[in-house]
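Me: Could you take a close look at one part of this structure with me? I would like to see how two helices meet.

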Amino acid sequence: MSDIAIVGLDGRFPGAPGPQAFWELLMSGADAIDEVPADRWDKSAFHDPQGAAGRTNTTSGGFIADADAFDHEFFGISPREAEAMDPQQRLLLQTGWRAFEDAGLDPRRQAGTRTGVFVGVMGSEWAQLHMTDYDRVTPHLGSGNGYCMIANRLSYLLDLKGPSWAVDSACSSSLVALHQACVALRGQECDQALVGGVNVILTPALHIFYSQAGLSAPDAACKPFSRDANGIVRGEAVGAVILRRLEDAVADGLPVYAVIKGSAVNQDGRSNGLTAPSRWAQQEVIAEAYRRAGVRPQDIAAVEAHGTGTVLGDMIEANALGAVHSVERDQPCSIGSVKGNIGHTEGAAGIAAVIKVALALDRGVLPPSRHARTENRLLKLRDKGLRLLKAPLRLAGDKVAVSISSFGLGGTNAHVVLAHPSAAVAPEEPGSGVLTVSGNGPEALARNAAQLAQDLQAAPERRLGQLCWTSNQVKSSGQYRLALAVSTKNEAVAALRQFAAGSMPESVRTGSRRAVSLGWLFTGQGSQYPGMTSALHTRYGSYRRALAEVDEAMAAHLGGSIAQHMLGTASEIDDTGLAQPAIFAAGYALGRVLGESGAEPEWMLGHSVGEFAPAVLAGALGLEDACRLVATRARLMQQLPADGGMLAARCSAESVSRLLAEEPSVSLASINGPDDVVCAGPLDALERITERLASAGIATRRLQVSHAFHSPMMEPVLAEFAAVASEITYHPLRRTVYSTLHGRRLGADELMDADYWTQHISRPVRFSEAVADALRQGATHLMEIGPRQVLGPLLRRTPVARGIPVLAPCPGPQATGGELADAIARLHCDGLEPDWAPLYEPAQRTVRRLTPYTFSTAARFWTSAPVRPDGPSRMEFLATRNAPGAPGIFPAEPEPLHADAPIGDAFEQDVFGIIADVCGYAAHEIRAGSLLHEELGFDSIMLIQLKDRLEQRWSHPIQAAELLPELTTAGDVTRFLRSRTATDALLTR
């Protein structure tokens, strides 16, 4: 039988809002039993110490804190639907989400996968309270209740395609669900499974039942196998685990808490009574589970028993365990039960035990069993090869196994064997990276940034890169985003805490998901410097590999390594013969890294020699051929006389052309903008032009270029270059390229051929025209690719490019290497879904557990009054929600104005009021841009309700077939109604 790995888990228990708090409660040996909360029922009205008819003998239980809280906006569920949902659905949605994250899996990215959902649940008291008030039954009450919906809603919201069902076998429900999930995984019915259990106590019904049946402990303490055992105490819980076949978990690099070796389920059949446990069935299911797991009883270090704390139940279970475990062994088998800590959580009891044991195997110690020090000697545990766990038990060794029992009130029994995982734990690997957080709003970002800061503070510095990688895999896909390129843990913690406190550190990027259109700009000559791109080379293996590729291709044509010249400190890199190959190599390598990161361009454009790299990346040239052309070009330019130079002038090309007519040895080299041109020629001629421009009040600057083309020298240079270029093979473009030779987009049938590159040497660089043409296609971001940022300042003076951010992954000699990560971080925040791998070394791409998503507790949904013996038959909903929080982190996006729909007019207010009433939001929260489905939680039922309400309001028939496909936002509804008719009938009151 193949092993099944538990790769993720989450849960909420009495006194423990999460797994770590649960663990601390267990290790302390405490319990979390308390008085019945006032919002459940009037405990005094239902209490009688003797357990009279209709009364309970206790006023206590184990209750989850904030069971009414639900972050409905995160899941895109309207307040109207959320208030109708069984709290068990709401709790399991959040717990299931967190369990995926704990496994290192982004829940959103599970969409379409063969993931099964198996949920154990024993009761639905919410339905009892609300579904019997027949006049108030709504469509959302129907879908918000029912056992199946607890599982099915998870599958629906996460778009999971595997089996999905709920199991009710009473107290064994969630362990039976675990068994069924393992069967489905081994049978290839699914590739991944979420197994959950949930129990919420809303009425005293089962308190009364247990009291009447003599099963309820009057002192509200569950004392498994204790001499003082006198019954159970009810408890609430919600838990979930994520399962994978072990080989799949290892292949995907997922962390593993424990493995499930085997499991079994059976039934008591006709025993001493329907609700009486059967010793024989219990020992048979235990033995069968061991057989399937391939373990012997003496291999079991401990059993997490069902352990109800009833006299009869404890006796029968001890005898069943003893029948299996009374074998020759070094130490007795330890037994205990989580019910002593949190009470009997009924349908969630099995999953609570599984989470306890999985945490214990992961940490190498099993917590003590509460009340073990008052062991019931009549059970004769020692004689049965058993001992009650009075102190923590060290679980040493790779083959340690712990088993779990769960027995249903109606006789359905389950037993599961868990063991240490055999998979090796990945070593920690120092490094840096990008930390990411996402959520459904600014307040969610602040809340989760604070939690991430806490996680980082507790982690060792050497784990930083792996935690960055984990955040990218798990916490990056939400609508609102935060990203932070970091090098040290302390700077990361400080920036996250500052953000969470309400300020905006310079290093933090934020944004919300939208379409990203990226243009790549490649710098030309003049951007070189000693040590160029050395910070990138030091920090990123992906850049080292790309540079090595172009270095090898260039070496044959250059007679040596261009990378050595680039990364060295010698000033010889300024020589044209080296500068041009170095600029090409940097542009190509950076382009490769950005492409691998998913920052693909809509179009590319290169300035002068910077045009060769986009030509290769667009498929017009092979890398070997491009290296040959660039090396030849650089060699020929290096051979030109050294008395030439270049001059940049702040004026138009037309203004300088008149001067060039008087200086034939000077040529127009580049047109970079409406008021930015570059001339090339002999130094003496450039001096004369400088004087003429200065007298006209035009500013100039000399460029650091030692060689420039002189007209008399051009013919032999062009001829030799053309001869080499004619031997090259050229290909059609596979990507859009804007040519700085022609100042426009190249057509699909235009080759960047020998003639193109020959003209490219001597004709002006028409950068300004090419950029203007490119930006007419549109771009949300520009990326300047090269060793130094040169083009960004030119673009900022170009009206068409104003307001478009220009990112520079290598800004110049001051570069730290972090600029590449920061550029990807900014693009991600604005909507890019990067492939983060190129930013990390392979050993850093290891998932480490981070605290899962922290949901808002501001919105609460409950009933307006506790249950009383003489209480109302009609239960009213009580929903409270928070006001929007964390203002100022994101700028408010202005709503589009439409001539036919002025914002705030009476008609629109009417429409928005109806929308608000249908979904349960306040009218002032509805904006024209509010998304009906993603933000307001509309589903098909609500859209039909909206249609009916609109028809009633304006007495105008609306066909659902034409209404439903057209509506995306609240503003769409208004525009749809306005456009339905040109008459006044629809618009008048």
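Reply: Happy to; here is a walk through one helix pair, followed by a short stop at another helix. Keep in mind that this is a predicted model, where local features need pLDDT of at least 70, side-chain atom pairs count only at pLDDT 80 or more, and totals for chains, interfaces and linings use all residues. Residues are numbered from 1 along each chain as its sequence is written, and side-chain values use heavy atoms, with hydrogens and water left out.

Find helix H22 (residues 623–638) and helix H25 (residues 714–725), whose axes come within 10 Å and cross at roughly 165°. Helices here are DSSP runs (H or I, at least four residues), numbered from the N terminus. Axes are lines fitted to C-alpha atoms over the stretch in contact, and angles run from 0 to 180 degrees between N-to-C directions. H22 and H25 are therefore roughly antiparallel to each other, a label for angles over 145 degrees.

Which residues of H22 and H25 make the contact (heavy atoms within 4.5 Å)? H22 brings Arg628, Leu629, Thr632, Arg633, Arg635 and Leu636, while H25 brings Val717, Glu720, Phe721, Val724 and Ala725. By class, that makes six nonpolar, one polar and four charged residues. Here Ala, Val, Leu, Ile, Met, Phe, Trp, Tyr, Cys and Pro count as nonpolar, Asp, Glu, Lys and Arg as charged, and the others, Gly among them, as polar.

Now turn to helix H7 (residues 173–186). Eleven of the 14 residues of H7 are buried (under 20% relative accessible area, 1.4 Å probe, protein chains only), including Leu175, His179 and Cys182. After H7 comes glutamine 188, with a positive phi near 65°.

Definitions and conventions: Helices (H or I, at least four residues) and strands (E, at least two) are DSSP runs, numbered from the N terminus. Angles under 35 degrees count as roughly parallel, over 145 as roughly antiparallel, 65 to 115 as roughly perpendicular and the rest as oblique. Contact means heavy atoms within 4.5 Å. The expected span of a helix is 1.5 Å times one less than its number of residues. Buried means under 20% relative accessible area, exposed over 50%, partly exposed in between (1.4 Å probe, protein chains only).
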